[in-house]
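Visitor: Please pick one part of this model and look at it closely for me. Then connect that part to the rest.

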Amino acid sequence: DVITNGMQELFSKQQGFISASVHKGLDGQRVTIYAQWRSINDFEALRANTVLEPFRQRIRNLVTSFDAQLYEVSAVA
């Protein structure tokens with residue numbers, strides 16, 4: 001819920017945001033967020049935005065590890 005609310009209330013209002021999907025692992029232990037941004041610059045601006053710090057802290061309090069990866073779309077079927 002914390003992640004979903006953050007996506008809807010914070011991330012979706014940031015410049016360059018296209019969409020985000022939150023996937024809950026069937027094991028109940030993992031969450032994957034697939035977010036699309038117009039450009040890497042828009043994503044980097046999000047990362048630098050200090051307004052989001054209270055949300056980031058809430059996430060830090062919930063997770064035991066975090067592995068962010070950036071990808072480029074190479075094909076869509």
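Guide: Take glutamine 15, which touches Trp37, Arg38 and Asp42, not counting residues up to four places away in sequence. A contact here is a pair of heavy atoms within 4.5 Å. The model is a predicted one, in which local features need pLDDT of at least 70, side-chain atom pairs count only at pLDDT 80 or more, and totals for chains, interfaces and linings use all residues. Residues are numbered from 1 along each chain as its sequence is written, and side-chain values use heavy atoms, with hydrogens and water left out.

Glutamine 15 sits in the loop between α1 and β1. Helices (H or I, at least four residues) and strands (E, at least two) are DSSP runs numbered from the N terminus. Glutamine 15 counts as exposed because its relative accessibility is 60%; the cut-offs are under 20% relative accessible area for buried, over 50% for exposed and partly exposed in between, with a 1.4 Å probe and protein chains only. Along the chain, glutamine 15 and alanine 45 are 30 residues apart, yet their C-alpha atoms are separated by 8.4 Å.

One partner of glutamine 15 is Asp42. Aspartate 42 belongs to helix α2, and it counts as buried because its relative accessibility is 8%. Leaving aside neighbours within four places in sequence, aspartate 42 is in contact with Gln15, Gly16 and Trp37. Trp37 is thus a partner of aspartate 42 and of glutamine 15.

Trp37 leads to the interior, where it is one of the ten residues of the largest nonpolar core. The other members are Ile3, Met7, Phe11, Phe17, Phe43, Leu46, Leu52, Phe55 and Ile59. Helices α1 (2–9), α2 (40–48) and α3 (53–62) each supply at least two residues of this core. A nonpolar core is a set of buried Ala, Val, Leu, Ile, Met, Phe, Trp, Tyr and Cys residues joined through side-chain atoms within 4.5 Å.

The helices can be taken in turn. In α1, Ile3, Gly6 and Met7 are buried. Seen down the axis of α1, these buried residues fall within an arc of 100 degrees, so they line one face of the helix; the arc is that of the directions from the helix axis to the C-beta atoms. Gln8 and Glu9 are exposed, on the face of α1 turned away from its buried side. What do the buried residues of α1 pack against? They pack against β1 (17–24), β2 (31–37) and α3.

In α3 the buried residues are Phe55, Arg56 and Ile59. Viewed down the axis of α3, they fall within an arc of 100 degrees, so they line one face of the helix. Pro54 and Asn61 are exposed, on the face of α3 turned away from its buried side. The buried residues of α3 pack against α1 and α2.

The loop between α2 and α3 holds asparagine 49. Its side chain reaches the backbone nitrogen of valine 51 at 2.9 Å. Such a polar contact is a pair of N or O atoms within 3.5 Å; within protein, one must be able to donate a hydrogen and the other to accept it, and residues adjacent in sequence count only if both atoms are side-chain atoms. Setting aside neighbours within four places in sequence, asparagine 49 is in contact with Gln14 and Arg56. On the same basis, leucine 52 is in contact with Leu10, Gln14 and Leu46. Gln14 is therefore a contact that asparagine 49 and leucine 52 have in common, with contact meaning heavy atoms within 4.5 Å.

Past α3, the segment that follows includes aspartate 67. Aspartate 67 is exposed, with a relative accessible area of 62%, and its side chain makes a polar contact of 2.8 Å with the side chain of glutamine 69.

Now the whole protein. It has three helices and two strands, in the order α-β-β-α-α along the sequence. Of its 77 residues, 19% count as buried. The C-alpha trace spans about 35 × 30 × 20 Å along its principal axes. Among contacts with a separation of 6 or more, 37% join residues 24 or more positions apart. As for confidence, pLDDT is the predictor's confidence in each residue, from 0 to 100. The mean pLDDT is 89, and 100% of the residues reach 70 or more. Confidence is lowest in α1, at a mean of 85, and highest in β1, at 92.
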